[in-house]
Amino acid sequence: MIYFQSLTKEELAELLRPVSLPKARRRYVPEGAAASAEEAGPSTEDLLKAERRARYRAQQIFHWVYQRFVTNWDEMSDLSKDLRVWLKENVEIYRVTERASQQAVDGTHKFLWNLADGKTVESVIIPAALQEKENPEQDFDQQRFSGAAIEDKDLKSERWSRLTACISSQVGCAMGCKFCLTGIQGLDRQLQAHEIVGQVFELRRLAPITNIVFMGMGEPLHNFENVVKACKILLDPDGLNFSKRKVTVSTSGLVPAIEELGRQADVSLAISLNASTDEQRSQIMPVNRKWNLDALMSACRSYPLGSHRRITFEYVLLKDFNDSLEDAARVLRLLRGIPSKLNLIPFNEHSGSEFKRPSDETVKKFQRYFVDRNITATVRISRGRDILAACGQLRSIFGTARGTERHRDWKSNSGAGGGTAF
Ligand code: SAH
Ligand code: SF4
């Protein structure tokens, strides 16, 4: 069986080519053995016809699944019976199943999905209320309280200007960032393209998702092929039909893969900067020892951006570590010449890390430094703090993560990975 969501439209068309030949020509007849035109192999004309037909069928099937969310081949009424039978026997529409979900007072909805082999990954839907869109740089306090308790939490409600789906690209992560719960757990395995697309597919069935960010578990550029393929399906106008500005891949800084991403996929880029000097960054992000800030910023400068696109720089604010105004000044210097926006994330505390979250006052001052210098700087309020919304946290509480405090004896050292990549 092939998983449907692991195929781009072009790959599906390729797969459908043999079954799109006129029936009488499908049989293979060895050369010289043909007794009549009927028994001869397909003519060039037949092959061309089959190719056109296969392409058309792939488009029809993409519409049924990704735009009408039909998951039963029998319901695809404009496909021939033959084709439906063939699809039933050969292609499976993949579904992740919900293991747990939680919704926070601000509407943030977090999901823990079961994969076919019993592993789990997380996705989160983060709604933005209309007033946030009108004024994304509104005062931090205001943002915080406006999002505090919302009565209408329905994700289909008109009150949301944006519904961002934050999805995972790996089970765990090999990058070993010191502040990150997923990083502490190590890499378990890569997600296949159908498991990445499968998360969006399930969320999109539930709510009119407008944006996708690869900011859940895992380092997307460490699972390059599957992420690029998933992006192609997300962007395909016959597929999930997201615009390239609304799909963002976030990376800790795998420089050669950033360059390759620019060549292979037309998506937006986010960089987890998180520090203002090499020394500081190498302490919390081992990847910086391999590709330092110089290499990273020069890859950002060469990333192909359209005329109105900017690179998002994420900056986790860690108390007394990277939250001073000297840090802010150094970050400003690093960003010089790059069309950018800064996304400040006050550290989400968890038991796996000693780091603390800075005071609201410090966060505000840090933000103000940039706003005063005409740099877009938003503070990502820890949305859904009441539902453990930080990366990796829902998974750890259900005991499906390896190497956590609670489950050290349970399933220790099984599976691949577990260490850090650097
Ligand atoms: N691996 C990718 C994408 C997933 S992490 C990357 O690192 O970019 C998504 C974001 O969450 C990153 O910017 C990371 O720095 C941030 N993050 C991880 N743990 C966090 C925590 N405990 N509190 C706040 N932000 C965190
Ligand atoms: Fe991996 Fe990103 Fe966490 Fe670093 S911050 S460990 S790259 S998920």
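**Notebook: helices, strands and two ligand shells**

I began at helix α1 and looked up what its buried residues touch, and I found that they pack against α2, which covers residues 44-67. This is a predicted model, so I keep in mind that local features were taken up only where pLDDT is at least 70. Helix α1 itself runs over residues 9-16, and the buried residues in it are Leu12, Ala13 and Leu16. Looking down the axis of α1, I noted that these buried residues fall within an arc of 100 degrees, and therefore they line one face of the helix.

**The chain as a whole**

I then stepped back to the protein chain, whose secondary structure comes to 15 helices and 14 strands. It has 422 residues, of which 42% count as buried. When I looked at contacts with a separation of 6 or more, I found that 72% of them join residues 24 or more positions apart.

**The hairpin of β3 and β4**

Next I turned to strand β3 (residues 97-103) and strand β4 (residues 109-114), which run antiparallel and are joined by six bridges. I looked up the partner of Gln103 and found His109 in β4. Five residues lie between the two strands of this hairpin, and in it Gly107 takes a positive phi near 100 degrees.

**From β12 to β14**

Which residues does Ile311 contact, once its neighbours within four places in sequence are left aside? I first placed Ile311 in strand β12, and then listed its contacts as Leu269, Ile271, Cys300, Tyr303, Ile338, Pro339 and Ser340. Is Ile311 buried or exposed? Neither word quite fits, because Ile311 has 19 C-beta neighbours inside 10 Å and so counts as partly exposed, whereas a buried residue would need 20 or more. I also checked the distance from Ile311 to Ser250, which are 61 residues apart in sequence, and read 9.9 Å from C-alpha to C-alpha.

I moved on to strand β13 (residues 340-346), where six of the seven residues are buried, so the strand is largely enclosed by the rest of the structure. It pairs with β12 in the parallel sense over seven bridges, and I noted that Tyr315 stands opposite Leu344 in β13. To get from β12 to β13 the chain passes through helix α13 (residues 325-335), and this β-α-β crossover is right-handed.

On following β13 further, I found that three bridges join it to strand β14 (residues 377-379), and that these two strands run parallel. Leu344 appears again here, with Val379 as its bridge partner in β14. The chain crosses from β13 to β14 through helix α14 (residues 360-371), and I recorded this β-α-β crossover as right-handed too.

**The two ligand shells**

Last, I looked up what surrounds the ligands, beginning with ligand 1, which has 18 residues around it, with Cys180, Ser250, Ser272, Glu314 and Asn348 coming nearest. Strands β10 (247-251) and β12 (311-317) each supply at least two residues of this shell. Sorted by class, the shell around ligand 1 holds nine nonpolar, seven polar and two charged residues.

Around ligand 2 I found 11 residues, and the ones that come nearest are Cys173, Met175, Cys177, Cys180 and Gly183. By class, this shell has five nonpolar, five polar and one charged residues. I noted that Cys180 is listed among the nearest residues for ligand 1 and also for ligand 2.

Note on methods
Residues are numbered from 1 along each chain as its sequence is written. Chains are lettered from A and ligands numbered from 1 in the order in which they are written. This is a predicted model: local features need pLDDT of at least 70, side-chain atom pairs count only at pLDDT 80 or more; totals for chains, interfaces and linings use all residues. A residue is near a molecule or strand if its C-beta atom, placed from the backbone, lies within 6 Å of it. Ala, Val, Leu, Ile, Met, Phe, Trp, Tyr, Cys and Pro count as nonpolar, Asp, Glu, Lys and Arg as charged, and the others, Gly among them, as polar. Helices (H or I, at least four residues) and strands (E, at least two) are DSSP runs, numbered from the N terminus. A residue is buried if 20 or more other C-beta atoms lie within 10 Å of its own, exposed if 12 or fewer, and partly exposed in between; C-beta atoms are placed from the backbone. The arc is that of the directions from the helix axis to the C-beta atoms. Two residues are in contact if their C-beta atoms, placed from the backbone, lie within 7 Å. Two strands pair if DSSP finds at least two bridges between them. A crossover is right-handed if, with the strands pointing away from the viewer, the path from the first strand over the helix to the second runs clockwise.
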